[in-house]
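User: Please take a close look at a single part of this one and tell me what sits around it. Start from one residue, then work outwards along the chain as far as you like.

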Amino acid sequence: MTIDRQKIAEAAQRHAANGQFDAAIAEHFKVVAVDPGDVRTLLKIGDLQVRAGAVEKAVETYLHAGTLYEQQGLHQKAIAVYKQVLQLHPDHLALYSRVADLHIKLGLTSDALQAMELLAQRHARSGNQEALASTFRQILLLDSQNLPTRIRLGELLSKMGRG
C-alpha cells in the first residue's frame, strides 16, 4: 500500500495547529502502519502525545523509537531519545543503565559514569540500599580509581551491616 506522506504530514500539521492532537497522531499512525521502522514519525507521534497530555503513551512511543535506533546502530540518537524519556519519567530506573551501556559502546566512559551517578542518586532518594550498592559497584567497574564512590560504597556497606 502506498501513501502520500506529504499529504498526511500536512493534514497532521493542520490538526496539531488547531489543537486536535489525537487527529494529528492518527494521521501519523497511517505512516507507521505502512512503515513501522519510521523513527522520525514515531518521534513526531511522541511529541504530539506529550502535547496532548498522554505522557505514558509518549514514553512508550519514545522507548520504541529508541529501541529502533539501537537496532540500527544509531546509539547517539538512541541516547538522545532515552534522555527525553528520562525528562518525562525520571523514575524509569532501568533506562539510566541502558544509557550508560550505550555510552560505553560509544567509548564515552565519562558520560556513562554520569548516567550511573544519576541512577545512584535515584536509588539513594528511594532508600533502595541494595540497588545503590550495586550501582556503586558498577561505577567502580568503570572507574576503579573513583575514591569518593569507593568511600560511599564502604559507608553504605557498613550501614547495611556488611562492613
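Analyst: **A close look at Tyr 82**

Leaving aside residues up to four places away in sequence, Tyr 82 touches Leu 63, Gly 66, Thr 67, Glu 70, Leu 95, Arg 98, Val 99 and Leu 102. Bear in mind that this is a predicted model.

Tyr 82 sits in helix H5, residues 75-88. Is it buried or exposed? Its relative accessibility is 0%, so Tyr 82 counts as buried, the cut-off being under 20%. One of its partners, Leu 95, is 13 residues away in sequence, yet the two C-alpha atoms are 7.0 Å apart in space. There is a polar side to Tyr 82 as well: a polar atom of its side chain lies 3.2 Å from the backbone nitrogen of Thr 67.

Now zoom out a bit. The largest nonpolar core has 44 residues, and Tyr 82 is one of three, with Leu 43 and Phe 136, that touch the most other members. The element that gives the most to this core is helix H4 (residues 55-71), with seven residues. As a rule, nonpolar side chains in soluble globular proteins tend to be buried together.

Follow the chain on and you meet His 103, found in helix H6 (residues 93-105). It's tucked away too: His 103 has a relative accessible area of 3%, so it is buried. Its contacts, not counting residues up to four places away in sequence, are Ile 79, Lys 83, Leu 108, Asp 111 and Ala 112.

Helix H9 (residues 147-159) is worth a stop as well. With 13 residues at 1.5 Å each, it should span 18 Å, and its end C-alpha atoms are indeed 18 Å apart. The buried residues in H9 are Thr 149, Leu 153, Leu 156 and Leu 157. Looking down the axis, these buried residues fall within an arc of 95°, so they line one face of H9. That buried set packs against helix H7 (109-126) and helix H8 (129-142). On the face turned away from the buried side you'll find Leu 147, Pro 148, Glu 155 and Lys 159, which are exposed.

The ends of H9 have their own details. At the start, a side-chain oxygen of Asn 146 comes within 3.0 Å of the backbone nitrogen of Thr 149. Just after the helix, Gly 161 takes a positive phi of about 85°.

H9 also has a charged link to H7. Glu 117 and Arg 152 form a salt bridge, with their closest N and O atoms 2.7 Å apart. Glu 117 is in H7 and Arg 152 in H9, 35 residues apart, so this pair links distant parts of the chain. Both are partly exposed: Glu 117 at 22% relative accessible area, Arg 152 at 32%.

The salt bridges come to six in total. Over at helix H1 (residues 5-17), Arg 5 pairs with Asp 35 at 3.1 Å, Asp 35 being in the loop between H2 and helix H3 (39-51). Arg 5 also meets Asp 38 in a salt bridge, 2.6 Å from N to O. Together, Arg 5, Asp 35 and Asp 38 are linked in a network of salt bridges. Asp 38 is buried at 10% relative accessible area, whereas Arg 5 is partly exposed at 39% and Asp 35 is partly exposed at 28%.

Note on methods. Residues are numbered from 1 along each chain as its sequence is written. This is a predicted model: local features need pLDDT of at least 70, side-chain atom pairs count only at pLDDT 80 or more; totals for chains, interfaces and linings use all residues. Side-chain values use heavy atoms; hydrogens and water are left out. A nonpolar core is a set of buried Ala, Val, Leu, Ile, Met, Phe, Trp, Tyr and Cys residues joined through side-chain atoms within 4.5 Å. Buried means under 20% relative accessible area, exposed over 50%, partly exposed in between (1.4 Å probe, protein chains only). Helices (H or I, at least four residues) and strands (E, at least two) are DSSP runs, numbered from the N terminus. Contact means heavy atoms within 4.5 Å. The expected span of a helix is 1.5 Å times one less than its number of residues. The arc is that of the directions from the helix axis to the C-beta atoms. A polar contact is a pair of N or O atoms within 3.5 Å; within protein, one must be able to donate a hydrogen and the other to accept it, and residues adjacent in sequence count only if both atoms are side-chain atoms. A salt bridge is a side-chain nitrogen of Lys or Arg within 4 Å of a carboxyl oxygen of Asp or Glu.
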